[in-house]
Structures are given as structure tokens and as C-alpha cells.
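Biologist: I am new to this structure and would like a close look at a single part of it. Could you take me through the cavity and what surrounds it, and then turn to the cysteines?

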Amino acid sequence: MKHGGEFSFRSKVAATTAAVLLAIALGYLDYVTGREWAISAFYLVPISLAAWVAGQWSGLIVGALCTCLAFFSDTFSGPAYQHPLMPVWNAVMLLVFFVVVSSLLTDFRRSHYQLEQTVARRTTALKAEIEERKQLEHVRDTLGLHVGPKVAERILARDGRVGGTEQHVTVMFVDIRSFTARTASLKPHEAVSFLNRFLHAMVQVVEIEHGGMINKFLGDRFMALFGVDGDQRDHADKALAAGHDLQCGLERLNSDATHRGEEPIRIGIGINSGRVIVGSIGSPERMEFCDR
């Protein structure tokens, strides 16, 4: 089938030829049997074939041929009518019926094709939207691994624009005491593993348990923001509660470190509340989400 729901020219010619031959065969059976077997309704088969494949005009031509065959069969082999114009009346009614059938089939085929095209376009658009959402989720997840999920959401919501807003938030600073001396004797991968264990436990407390937002990691230190979402009026209380739970989490880490024969970890926590500028700062080519 070609563009626009049309069959090829060869298919149209073949369908029209087959419909004509079938109509002639039915007309012969109609004449021979005297409509004992081949009744007029059978003429719908060639008409439907021609109208569906070749179009309305082909269906009308085959319909006119079927009407003529039915008229001659009705005249020469059918029952004797009291009125001589009855075969003509029957033929007119058949022709009208065949015209309606041909028109309806053609319109139905076109509507069916348009529906298929609409469904295909909607399906393609839906697939594209799903793929776009998957890509966005992948970007959000990948970005969230580096800057945190909440920062990633705010960066994507700003659509890459530079600038910030003034907000009243609570800022928390956490660092490991004597980190340089502690890691001086460690191999690089051991130092990284140590930091990852520590930061993993701290991030769980700050972001998962108390709704804070890790803004950046600075070696053995990190900074977290509370109240950046704008709907947390108790962000200072949340920061204090997070600081307390950080100490509890540190005790668990130190317990495991003691079993491994390592020195306990000591940290410093600083918390301050005030008005800051929060947003993306930098240039369109290179930005950083931070507060000032």
C-alpha cells in the first residue's frame, strides 16, 4: 500500500479484473440457475473487492456491471412479473444499493488508514517521549551522583541558567580532624576507601534522615544546606538534629574501626543560619551550584 492508503496500480488493475471476472461468473450462475443458488446478494463480493482495493470508481463500474447482469438474468430467466417494469425497478434498486456499498467501503478504507496513521504517529510520539524521559532520568541520576539528587533537581529546573536567589538557610560544615596525619601512611586506594566509608555514612544521615542537601565535598570535608527547598521553616532544628545523629553515626564507624585496629575518627561540625545567595554561579560554559 502506498502513501495515503492507496494500493499500487498493479494491485488495482488485478483487483478490478478479478472483480469483473467474478461478476461475470456470478451472472452466468444467476442466469443458469434462475437464482436458485446465485442470488443478487452475492454480487457484493466483486463490488467489495473492487471498491476496497481500486477505489470508489472501480467499485461503481463493477456495480453497474453486476446491475446489468442481474437485470438480464431477471428478465430472461427469472420469475414472470405481472408488471413489465419490475426488472427495471429491481435493477435501479440494486444499482443504488451497490453505489452506497461502494461509497461506504471506500470511505471506511480511508478512515481506517487515517486511523492507522494517527495511531502510528501517536505511538511514535509516545515512544519518543518515553525515551526522552529515560534520558532525562539518566542525566538526573548521573548528575545526582556527583552533586546530590536535590542539587541535580534544582540545576535541571533552572534549565542551565546562571543566577541565584536569596534565601534564609542553615549551613553545616563537617571535617575530619587530623586527616592529613591520619592518611599519611595510607596507600591512595586505602585513603579513598576510608573517605568513602565515612562520607557514605554522613550523607545517609544528612540527606536521607534529615532532608539536608550536600552541596559539595572538599577532600575530608563537606558542606550541607538545610532549608534550600524554601518550605522548611525548621531547617535550623533539622541541622542540629543532623549534627547530633552524625555523632551517633560516627560512634558506629569508630566501633567498626576499633575492631579493625584503626584509630577512631574525630570530626568537627559547624552550623550557622542566615541569608545567603543560593543558585548556579559561574558562566554558561562552566557553572557550580553553591551558596554565598
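Modeller: In this predicted model, helix 7 gives the largest share of the lining of the largest cavity, contributing 3 residues. Helix 7 spans 188-209, and along with helix 8, which covers 235-259, it belongs to the helices that each supply at least two residues of that lining. Going through the lining of the largest cavity by residue, one meets Phe194, Arg197 and Phe198, then Leu253 and Ala257, and finally Arg260, Glu262 and Ile265. Sorted by class, 5 of these lining residues are nonpolar and 3 are charged, while no polar residue takes part. The space that they line has a volume of about 50 Å³, and the model holds 2 cavities of 30 Å³ or more.

Turning to the cysteines, the count of disulfides in the model is 0. A disulfide is a covalent bond that joins the sulfur atoms of two cysteines. For cysteine 68, the closest cysteine sulfur belongs to cysteine 66 and lies 9.3 Å away, which is too far for a bond, because a disulfide is counted here when the two sulfur atoms are within 2.5 Å. As for its surroundings, cysteine 68 has a relative accessibility of 41% and therefore counts as partly exposed. Cysteine 248 is likewise partly exposed, since its relative accessible area is 27%, and the partly exposed class lies between under 20% for buried and over 50% for exposed.

Definitions and conventions:
Residues numbered from 1 in each chain as written. Predicted model: local features only at pLDDT ≥ 70, side-chain atom pairs only at ≥ 80, totals over all residues. Heavy atoms only, no water. 1 Å grid on protein atoms, 1.4 Å probe; cavity = no way out; pocket = protein on both sides within 12 Å on 5 of 7 lines; lining within 4 Å. Points joined across faces, edges and corners; volume = space filled by probe spheres on them. Helix = DSSP H or I, 4+ residues; strand = E, 2+ residues; numbered from the N terminus. Nonpolar A, V, L, I, M, F, W, Y, C, P; charged D, E, K, R; others polar. Buried < 20%, exposed > 50% of the residue type's maximum accessible area, 1.4 Å probe, protein only.
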